[in-house]
Amino acid sequence: MKGIASFSDLPVLMTCLSLIPPTVLAGLYPGLSKLNHTCALVKPELSCSPNAVYGKSDSCCVETYGGLVLSTQFWSTYTGLESASPPQLLPSQSWTLHGLWPDFCNGSYPAYCDLSRQYDPSPDPTIPPYPSEAPKLDTFLLNPFGRYDLLSYMNTYWIASLGQPNPDFWAHEFSKHATCFSTYDVECYGPTYVQHEEVIDYFEASIKFFQQLPTYDWLKEAHILPSNSTKTTYSLSKIQKALSKKFGATPYIGCSGPKYNETTEGKGSKDDGKTVLSEVWYYYHVYGRSQEGGGKPVGADINGGRVTNCAREKGAIMYPERTKGSERDV
């Protein structure tokens, strides 16, 4: 998965970084002025359209770099920090926010595009880590912005798993992905820029898209609900149909767990797709800035890419219940 750093990602990451001029690692467009980015005066071109390119449109007002935008969500069953103080819990009857990612229009993707805004304590292997003694990203919301309400929402719906603290997860998402949107370049905020205000904007934009995509409710309407019973499994086609109908395009559906042909039920099958529902990626072209939360749904296969890694055999997918004690009522 793109949002999770792993050594298997290294060849792709190095290829993507090699496409970016070295100077871009301190900002996408060197020499970009801090003046005259009044987006109310700029037509909100649809990203990946002919005019949504640097030089034709103001890159601060139109996404000109990572124009294929993904709003991604997790279905996790535990966090690993249920016993922390305060406990890190998952929201009941809701998927959780993973991130907002800018892919290139051809389907490849950049990462860590501005190392001067690298806050990830555990980044991809080629990237210097953010010092452990430095301020955490949650403090950026409070000083000087006082965004206690935003922090509370993120601690409810933007939840890390596998023992990772939420602020470290948010730092990863911002550093790896937000720095590769043209509209979050520091220059776009003008000569009165306050440090980290683009961090706030990225978090708010991620939430705007997330709130338009109630995956749990959409699946529930199709009678697809979490269950740990081996008798309650689902077919990929039913999940795809339910989400595509509501979203207006085919999302990417991600699974984890064993491959179907490694299970007892799938023994002898050629289907090597995975069997535990765990993630959905919704693809967009966005109008103007992603900060506005407006976009046109497009299929995950828009560039000929895959729409799933899940098993396709009938009834091959489990949608597990959350671990007892891992949820909070919301």
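**Exercises on a predicted model**

In this predicted model, α3 passes α5 in a left-handed crossing.

**Exercise 1.** Work out whether α3 and α5 are parallel, perpendicular or oblique to each other.

*Solution.*
- Step 1: find the helices. Helix α3 covers residues 148-157 and helix α5 covers residues 197-211.
- Step 2: take the geometry. The two pack at an angle of about 50°, and their axes are 12 Å apart.
- Step 3: apply the cut-offs. Under 35 degrees counts as roughly parallel, and 65 to 115 as roughly perpendicular. The angle of about 50° fits neither class, so α3 and α5 are oblique to each other.
- Step 4: list the contact. From α3 come Leu-150, Tyr-153, Met-154 and Tyr-157. From α5 come Ile-200, Phe-203, Glu-204, Ile-207, Phe-210 and Gln-211.
- Step 5: sort the contact residues. Eight are nonpolar, one is polar and one is charged.

**Exercise 2.** Find which helix gives the most to the lining of the largest cavity.

*Solution.*
- Step 1: count. There is one cavity of 30 Å³ or more. The largest cavity has a volume of about 40 Å³.
- Step 2: read the lining. Among its residues are Tyr-119, Tyr-130, Lys-136, Pro-167, Asp-168 and Ala-171.
- Step 3: name the helix. Helix α4, residues 166-176, gives the most, with three residues.
- Step 4: sort the lining. Seven residues are nonpolar, none is polar and two are charged.

**Exercise 3.** Locate Pro-226 and state how far apart Pro-226 and Pro-320 are in space.

*Solution.*
- Step 1: place Pro-226. This residue lies in the loop between α6 (215-221) and α7 (236-247).
- Step 2: compare distances. Pro-226 and Pro-320 are 94 residues apart in sequence, but 5.0 Å apart in space, C-alpha to C-alpha.
- Step 3: check contacts. Leaving out residues up to four places away in sequence, Pro-226 touches Trp-75, Tyr-216, Tyr-319, Pro-320 and Glu-321.

Conventions
Residues numbered from 1 in each chain as written. Predicted model: local features only at pLDDT ≥ 70, side-chain atom pairs only at ≥ 80, totals over all residues. Heavy atoms only, no water. Helix = DSSP H or I, 4+ residues; strand = E, 2+ residues; numbered from the N terminus. Contact = heavy atoms within 4.5 Å. 1 Å grid on protein atoms, 1.4 Å probe; cavity = no way out; pocket = protein on both sides within 12 Å on 5 of 7 lines; lining within 4 Å. Points joined across faces, edges and corners; volume = space filled by probe spheres on them. Nonpolar A, V, L, I, M, F, W, Y, C, P; charged D, E, K, R; others polar. Axes fitted to C-alpha atoms, helices over the stretch in contact; angles between N-to-C directions. Parallel < 35°, antiparallel > 145°, perpendicular 65-115°, else oblique. Left-handed = near helix turned anticlockwise from the far one by under 90°.
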